[in-house]
Amino acid sequence: MITQENFDASYVDTIEQQEIDKFVCNEMSRQIHRYIKAMKGTHRNMVMFEERLQTMTIPEREKAIARYIDLNRHAIDGLDFKIVLTRAMANYCDTFEYLVSMVNDRRKMVSYLKRIRDKYIKFHEIVEKDGKFGMADCDGNILIEPEYDFLRTPYIYVDDLLTMPVIAEKEGKFGLLLPDGKGTEVAPFIYSDISLRDEPPFFEARKGRCKILLNADGTKAQK
């Protein structure tokens with residue numbers, strides 16, 4: 001039986017949830033903006049980052065920001081999700097009393113905090129099968145089949161929504177793969193080694209005695 005007392009505990013206000021999701025997404029976008037600025041990212045790429053987010057739906061933006069955080073995990077160092085949620089609630093509420101009642105509703109706060117973490121903390125993991133390595137997303141979906149002798153995900157600072165490739169080794173040779181579930185090869189397996197650089201171009205490959213700088217799309221960087 002529905003009563004005034006059990007309504008809030010039993011039923012979700014879909015409009016409230018939708019609006020809180022939107023305002024949380026705005027707060028997470030601001031956090032990424034602050035991170036890029038603190039890391040002295042390029043103004044052009046910062047603007048491009050935000051313009052690309054603005055063309056997306058809220059669910060698309062949530063996924064894009066989660067992918068960014070997975071690559072740039074320092075972006076949320078020190079971030080208090082309770083503050084993010086409270087700011088989102090403040091944007092949603094039309095009176096201070098309503099805001100106070102929401103913040104003091106422990107069940108609601110716990111539920112929304114879990115919802116935020118489920119949406120934005122989506123770290124991939126390396127998986128192993130028969131001595132070979134692959135990659136799966138946080139839901140267990142295979143991003144790279146476990147067919148490789150070695151994988152290294154580049155956790156580096158980038159100031160756009162670029163999907164970085166993964167350094168992989170197969171049959172003694174190194175190449176670059178996109179974690180897209182399709183096995184897309186962006187740099188062929190012809191190198192004796194590939195290492196990570198701290199700045200673009202992010203990859204340094206070796207082929208014999210030659211050092212070759214590679215962009216994130218696998219093309220050779222101009223010297």
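How many cavities of 30 Å³ or more does a search of the whole structure find? In this predicted model, the search finds one.

**The cavity and its lining**

The largest cavity holds about 40 Å³ of space. Its lining is formed by D21, V24, E62, Y112, R115, I116, K119 and Y120. By residue class, four of these lining residues are nonpolar and four are charged, while none is polar. Two helices, α2 (14-38) and α7 (106-120), supply at least two lining residues each. The greatest contribution comes from α7, which gives five residues to the lining.

**The packing of α2 against α4**

Helix α2 also packs against helix α4 (residues 58-71), at an angle of about 35° and with 10 Å between the axes. The crossing of α2 with α4 is left-handed. On the α2 side, the contact is made by D21, K22, C25, N26, M28, S29, I32, Y35 and I36. On the α4 side, the participants are I58, R61, E62, I65, Y68 and I69. D21 of α2 and E62 of α4 thus belong to this contact, and D21 and E62 also line the largest cavity.

The residue classes of the cavity lining and of the helix contact are set out below.

| Residue set | Nonpolar | Polar | Charged |
|---|---|---|---|
| Lining of the largest cavity | four residues | no residues | four residues |
| Contact of α2 with α4 | nine residues | two residues | four residues |

In the contact of α2 with α4, nine residues are nonpolar, two are polar and four are charged.

Methods
Residues are numbered from 1 along each chain as its sequence is written. This is a predicted model: local features need pLDDT of at least 70, side-chain atom pairs count only at pLDDT 80 or more; totals for chains, interfaces and linings use all residues. Side-chain values use heavy atoms; hydrogens and water are left out. On a 1 Å grid over the protein atoms alone, a cavity is a set of points where a 1.4 Å probe fits but cannot get out, and a pocket is an open set with protein on both sides within 12 Å along at least five of seven lines; lining residues have an atom within 4 Å of a point. Grid points are joined across faces, edges and corners, and a volume is the space filled by probe spheres set on the points. Helices (H or I, at least four residues) and strands (E, at least two) are DSSP runs, numbered from the N terminus. Ala, Val, Leu, Ile, Met, Phe, Trp, Tyr, Cys and Pro count as nonpolar, Asp, Glu, Lys and Arg as charged, and the others, Gly among them, as polar. Axes are lines fitted to C-alpha atoms, for helices over the stretch in contact, and angles run from 0 to 180 degrees between N-to-C directions. A crossing is left-handed if the near helix is turned anticlockwise from the far one by less than a right angle, and right-handed if clockwise. Contact means heavy atoms within 4.5 Å.
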